[in-house]
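User: Please take a close look at one part of this model and describe how it is built and how it sits within the rest of the chain.

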Amino acid sequence: MYNLFDWPNRANSKLVVIAIANTMDLPERMLMNKVASRLGLTRMTFQPYSHSQLLEIINSRLEGTVAFAPEACILAARKVAAASGDARRALDICRHAIEVAEQAGSETVTSLHIQRAITDMYQSVKTRAIMNCTLYQKIS
């Protein structure tokens, strides 16, 4: 690892190392001090995706299909944009909504399926277990 990050600093070197991470302190946390000292760090912070950008990403992935109602895509994009702006999360919600729709016997993913997928994905295991208990189990 040390040699890889040292290589761009050598005379006549034409190598550039670009590292992309989801966290700003990755070099400090993951690399040894000997390696981290070799890095010429330039940090670029990217803003989270907006709902319109997320909607465009979702629609580009669904291009050529009619499996999603337009309002379902809009809901997924808006919910994720409000929470994190993470495109992977938006696509995960859409994938889970497809599973929810299949279980319900529906051929089209609707806003209700998206909402159910969001609930399933953001609810803790403990909360789900409590919700499935009988009234007596909940109060005892």
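User: Where is asparagine 12 found, and is this residue buried or exposed? Please start there, and continue to the helices and the core.

Analyst: Asparagine 12 is found in the loop between H1 and H2. The model is a predicted one, and all values that follow are computed from it. At a relative accessibility of 76%, asparagine 12 counts as exposed, because the threshold for that class is over 50%. Its backbone carries a positive phi of about 65°, although asparagine 12 is not a glycine.

The loop that holds asparagine 12 also holds leucine 15, between helix H1 (2-6) and helix H2 (26-30). Leucine 15 is partly exposed, with a relative accessible area of 29%. Not counting residues up to four places away in sequence, leucine 15 touches Leu4, Trp7 and Pro8. Leucine 4 is eleven residues from leucine 15 along the chain, and their C-alpha atoms are separated by 9.5 Å.

A further loop, between helix H3 (33-36) and H4, contains phenylalanine 46. With 67% relative accessibility, phenylalanine 46 counts as exposed. Its C-alpha atom is separated by 9.8 Å from that of asparagine 22, the two residues being 24 apart along the chain.

These loops belong to a protein chain with nine helices and zero strands. Of its 140 residues, 21% count as buried. Among contacts between residues at least 6 apart in sequence, 53% join residues at least 24 apart. The chain exposes about 10,600 Å², of which carbon and sulfur atoms supply 56%.

Turning to the helices, H5 (residues 70-83) packs with H7 (residues 111-122) at an angle of about 30°, their axes lying 8 Å apart. H5 is therefore roughly parallel to H7, since angles under 35 degrees fall in that class. On the H5 side, the contact involves Glu71, Ala72, Leu75, Ala76 and Lys79, which meet Ser111, Ile114, Gln115 and Ile118 of H7. By type, the residues of this contact divide into five nonpolar, two polar and two charged.

Ala72 and Ile114, both named in that contact, are also among the residues that touch the most other members of the largest nonpolar core. That core has 20 residues, and the others in this group are Leu54, Ile58, Phe68, Ile93 and Val109. Helix H4 (51-61), H5, helix H6 (87-104) and H7 are the elements that give two or more residues to the core. H6 gives the most, with six residues. In soluble globular proteins, nonpolar side chains tend to be buried together.

Phenylalanine 68 shows the surroundings of one such core member. Leaving aside neighbours within four places in sequence, phenylalanine 68 is in contact with Leu62, Cys73, Cys94, Ile98, Thr108, Val109 and Ile114. Val109 and Ile114 are themselves in the group with the most core contacts.

Alanine 101, found in helix H6, is buried, with a relative accessible area of 2%. Beyond residues up to four places away in sequence, alanine 101 touches Ser106, Thr108, Val109 and His113. Thr108 and Val109 thus appear in the contacts of alanine 101 and in those of phenylalanine 68, where contact means heavy atoms within 4.5 Å. Alanine 101 and arginine 116, 15 residues apart in sequence, lie 9.5 Å apart in space, C-alpha to C-alpha.

Definitions and conventions. Residues numbered from 1 in each chain as written. Predicted model: local features only at pLDDT ≥ 70, side-chain atom pairs only at ≥ 80, totals over all residues. Heavy atoms only, no water. Helix = DSSP H or I, 4+ residues; strand = E, 2+ residues; numbered from the N terminus. Buried < 20%, exposed > 50% of the residue type's maximum accessible area, 1.4 Å probe, protein only. Areas by Shrake-Rupley, 256 points an atom, 1.4 Å probe, with all protein chains shown as cover. Axes fitted to C-alpha atoms, helices over the stretch in contact; angles between N-to-C directions. Parallel < 35°, antiparallel > 145°, perpendicular 65-115°, else oblique. Nonpolar A, V, L, I, M, F, W, Y, C, P; charged D, E, K, R; others polar. Core = buried A, V, L, I, M, F, W, Y, C linked by side-chain atoms within 4.5 Å.
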